[in-house]
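Thank you all for coming, and please have the viewer open, because I would like us to look at the chain together as I talk. I will go slowly, moving from one part to the next.

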Amino acid sequence: MRCATATDVGLIRDENQDEVLAKDYRGKILAVVCDGMGGEKSGSLASRMAVHELFDHFSANYHEEMNAEEIRALLLSSVSAANSVIYSTAKMDYQNYGMGTTCVAAFAERGWLSIVNVGDSRAYLIENGQIRQLTSDHTFVNELYQKGEITLEDMNDHPLRNRLTKAVGVERVVKPDYYHIACGEDFMLLLCSDGLSSYCSEQEMLHLMQENTFTKMPQALVDMALEKGGRDNISLAIITN
């Protein structure tokens with residue numbers, strides 16, 4: 001399997017508070033995208049701590065013979081470990097009070113994708129010429145939409161569209177969503193922060209990925225988000241066979 005990543009500060013922000021990392025585990029891949037939140041420097045600290053704590057915990061406990069349930073438990077405990085470190089750090093320093101981060105992580109192996117997410121960073125599956133969002137945003141507007149109180153169109157313009165209902169490091173305990181998805185030989189998995197998904201439609205992302213080679217896809221997606229305003233940090237990881 002292969003993985004390619006990209007991150008960009010965007011055209012408006014002074015600091016990139018996103019963090020993205022991917023590692024190969026003997027042909028299986030773990031990739032993580034985090035989008036930090038908090039005051040000056042705190043957001044980037046939170047996302048950086050989340051990524052590295054998650055990978056440290058995963059790597060320390062992973063072995064090649066793990067079954068699906070063991071991978072699930074390890075991914076969830078890895079996010080919990082990151083949550084504890086960020087929460088404790090914020091408690092010890094008032095300047096970091098309230099800091100946190102979104103997190104979407106995927107462990108890809110032949111035939112299966114194991115995914116965890118907290119916040120509004122997303123995972124998309126591209127397969128058979130179609131794109132499908134796998135994760136559900138933990139946002140105030142998504143809750144309103146799920147209740148039928150607003151439409152999809154309302155979500156894009158809602159004044160509270162950026163308010164998260166869940167993030168890593170904000171509360172003492174975090175409960176990520178988990179997905180175990182079957183995939184064929186010809187698939188791509190896209191993980192991204194909302195700096196991409198908020199500015200580019202699913203069909204725009206699909207078309208661009210179909211028109212570019214794998215190595216050029218990450219930068220092409222970043223460039224498209226920049227062309228559409230680039231008002232946020234942009235980060236993504238793409239996994240394929």
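Let me begin with a term: a disulfide is counted here when two cysteine sulfur atoms lie within 2.5 Å of each other. In chemical terms, a disulfide is a covalent bond between the sulfur atoms of two cysteines. Please keep in mind throughout that what we have on the screen is a predicted model.

With that cut-off in hand, how many disulfides does the structure hold? The count is zero. Take cysteine 3, which is in no disulfide, and for which the nearest cysteine sulfur, belonging to cysteine 192, is 13 Å away. Cysteine 3 is partly exposed, at a relative accessible area of 27%. Cysteine 192, on the other hand, is buried, with a relative accessible area of 0%. The closest cysteine sulfur to that of cysteine 192 sits in cysteine 200, and since the two are 8.9 Å apart, they are too far from each other for a bond.

Now let us turn to the interior. The largest nonpolar core has 29 residues, and those with the most contacts inside it are Leu30, Val32, Phe58 and Tyr62. Several elements contribute at least two residues each to this core, namely the strands β3 (28-37), β5 (103-109) and β6 (112-118), together with the helices α1 (42-61) and α2 (68-92). Which element gives the largest share? That is α2, with eight residues.

If you click on leucine 30, and set aside residues up to four places away in sequence, you will find that its contacts include Leu54, Phe55 and Phe58, as well as Leu75, Ala106 and Phe107. There is also a second, separate core of 26 residues, and among its members are Leu196, Cys200, Leu208 and Phe214.

Let me stay with helix α2 for a moment. It has 25 residues, and at 1.5 Å a residue these should span 36 Å, which agrees with the 37 Å that separates its end C-alpha atoms. At the N-terminal end of α2, asparagine 67 acts as a cap, with a side-chain oxygen that lies 3.2 Å from the backbone nitrogen of glutamate 69. Further along, alanine 90 also has its place in helix α2, and at 7% relative accessibility this alanine counts as buried. Leaving aside neighbours within four places in sequence, alanine 90 is in contact with Asn96, Tyr97, Gly98 and Met99. Alanine 90 and serine 42 are 48 residues apart in sequence, and yet their C-alpha atoms are 8.8 Å apart in space.

The next topic is the aromatic rings. A pair of aromatic rings is described by the distance of the centres and the angle of the planes. By the rule used here, the count comes to five aromatic pairs. In one of them, tyrosine 25 and phenylalanine 58 have ring centres 5.4 Å apart and planes at 70°, so the pair is edge-to-face. This pair links distant parts of the chain, as tyrosine 25 is in strand β2 (residues 18-25) and phenylalanine 58 in helix α1, 33 residues apart. Tyrosine 25 counts as buried at 11% relative accessibility, and phenylalanine 58 is buried too, at 0%.

Tyrosine 25 also pairs with tyrosine 62: the ring centres are 5.3 Å apart and the planes stand at 70°, so this pair is edge-to-face. Because tyrosine 25 lies in strand β2 and tyrosine 62 in the loop between α1 and α2, the pair ties together parts that are 37 residues apart in sequence. Tyr25, Phe58, Tyr62 and Phe107 form one aromatic cluster.

Finally, a few loop residues. Are arginine 26 and asparagine 128 buried or exposed? Arginine 26, in the loop between β2 and β3, counts as exposed at 72% relative accessibility, and asparagine 128, in the loop between β7 (122-127) and β8 (130-133), is exposed with a relative accessible area of 70%. Neither is a glycine, and the phi of arginine 26 is positive, near 50°, while asparagine 128 has a positive phi of about 55°. Histidine 158, by contrast, lies in the loop between α4 (152-157) and β9 (177-182) and is buried, with a relative accessible area of 17%. Leaving out residues up to four places away in sequence, histidine 158 touches Phe140, Val141 and Leu144.

How values were computed: Residues are numbered from 1 along each chain as its sequence is written. This is a predicted model: local features need pLDDT of at least 70, side-chain atom pairs count only at pLDDT 80 or more; totals for chains, interfaces and linings use all residues. Side-chain values use heavy atoms; hydrogens and water are left out. A nonpolar core is a set of buried Ala, Val, Leu, Ile, Met, Phe, Trp, Tyr and Cys residues joined through side-chain atoms within 4.5 Å. Buried means under 20% relative accessible area, exposed over 50%, partly exposed in between (1.4 Å probe, protein chains only). Helices (H or I, at least four residues) and strands (E, at least two) are DSSP runs, numbered from the N terminus. Contact means heavy atoms within 4.5 Å. The expected span of a helix is 1.5 Å times one less than its number of residues. A polar contact is a pair of N or O atoms within 3.5 Å; within protein, one must be able to donate a hydrogen and the other to accept it, and residues adjacent in sequence count only if both atoms are side-chain atoms. Rings of Phe, Tyr and Trp (its six-membered ring) pair if their centres lie within 6.5 Å; planes under 30 degrees apart count as stacked, over 60 as edge-to-face and the rest as tilted.
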